[in-house]
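Student: I've got a model open and would like to go through its cysteines and a pair of packed helices. Can we take it step by step?

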Amino acid sequence: MVYIDLESTDVYENFGLEYYLAEEKKLEDTVFLFWRTTPTLMLGKYQNLAEEVNLPYAREQKMNLVRRMSGGGTIYTDLGGWQFTFIDRYKEEGIEFKKYLSPVLDALAKLSVKAEFNGRNDLCIEGRKFSGNAQYHLGESIVHHGSLLFSTDIEKMVNSTTVDEYKIISKSIQSVRERVCNISDHLQEKISPEDFKELMVSAILGEENKANRLELSSEELLRVKELAKTHFQNWDSLYGKNPKFNMEKIGRFPGGKMHFALEIQKGKIQEASISGDFFSTLDPEEISKAFVGLAFDRDSLLKGLRERGLEGKLYRISVSEIADMLA
């Protein structure tokens, strides 16, 4: 097993490194990574951003948004949590989780943490989830990555992934606390996230702890940054890969109520119908037409609607209020 120590907390660079090691620098031995990020929401490959993320809250908290190359659900992670990655040469069909989770479970056992695999893709302590896992194939490689809640901010995790505005956040937090847990709550002695990392890495590497640590060259690190921008840190990778979906939302503004019915495909609004009891100097068809063709993210909506002359044409309703409400 080859271990690469990641100092970066930039999620895009860390996913870029996964890509680099799976597609370009193909080592024969299994590659092991143990890393963390600043507050981040990681979407699964097939998920709809608008349905999974509380975008206004994520923006307010300055959270990173990224789409993984693997399936599964949305994961919130911060500096109190850890991610682990195993990269292997592709040898068999199908998805196999147990092979890569066993070393993690064994390492936790050495810390006297009694954890178990739930048979799908989660690790649990006393029935409460602390780790979600996913896999994907890239060329001749298989990539397995998972999350570990160590001392993660559960309240921020709930707030950032609770989209339905009618849900009561406090009840959601209580519900999630009953279903998930932090590893730190189950340790016999209190340790820092950094100490936890060193203990886990040493346990997983075993006798190979010192012998098989690899450092990347400056040229390789530059390539990783390039891959991060190309595959993860751009509009198309996040919004452009959203599945086609229809959205209906009602905005209640000082100038009246507006009902938005939108069809969105490949991250852009294909059809729009706007109605309500608001006042405007424009016809409904003109208002609806202003939305068609715009990229469906907050900044693009704001810029596009202003360029198309909607600002000031709606009584006591600003374009920024509409953009904030929709995306």
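Tutor: Sure, and keep in mind that this is a predicted model. Let's begin with Cys-181, which has a relative accessible area of 2%.

Student: What makes Cys-181 buried or exposed at that value?

Tutor: Buried means under 20% relative accessible area, and Cys-181 has 2%, so Cys-181 is buried. Cys-124 gets the same treatment: its relative accessibility is 8%, so Cys-124 counts as buried too.

Student: Why is there no bond between Cys-124 and Cys-181?

Tutor: A disulfide needs two cysteine sulfur atoms within 2.5 Å. The closest cysteine sulfur to that of Cys-124 belongs to Cys-181, and at 7.9 Å it is too far for a bond. Seen from the other end, Cys-181 has the sulfur of Cys-124 as its nearest one, 7.9 Å away, and is in no disulfide. The count of disulfides is zero.

Student: On to the helices. Why are α4 and α7 called oblique?

Tutor: Helix α4 spans residues 98–110 and helix α7 residues 193–205, and they pack at about 120° with axes 9 Å apart. Roughly perpendicular covers 65 to 115 degrees and roughly antiparallel starts over 145, so α4 and α7 are oblique to each other. Their crossing is right-handed.

Student: Which residues of α4 and α7 meet?

Tutor: From α4 you have Pro-103, Val-104, Ala-107, Leu-108 and Lys-110, which meet Phe-196, Met-200, Ala-203 and Ile-204 of α7. By class, that contact has eight nonpolar residues, one charged and no polar.

How values were computed: Residues are numbered from 1 along each chain as its sequence is written. This is a predicted model: local features need pLDDT of at least 70, side-chain atom pairs count only at pLDDT 80 or more; totals for chains, interfaces and linings use all residues. Side-chain values use heavy atoms; hydrogens and water are left out. Buried means under 20% relative accessible area, exposed over 50%, partly exposed in between (1.4 Å probe, protein chains only). Axes are lines fitted to C-alpha atoms, for helices over the stretch in contact, and angles run from 0 to 180 degrees between N-to-C directions. Helices (H or I, at least four residues) and strands (E, at least two) are DSSP runs, numbered from the N terminus. Angles under 35 degrees count as roughly parallel, over 145 as roughly antiparallel, 65 to 115 as roughly perpendicular and the rest as oblique. A crossing is left-handed if the near helix is turned anticlockwise from the far one by less than a right angle, and right-handed if clockwise. Contact means heavy atoms within 4.5 Å. Ala, Val, Leu, Ile, Met, Phe, Trp, Tyr, Cys and Pro count as nonpolar, Asp, Glu, Lys and Arg as charged, and the others, Gly among them, as polar.
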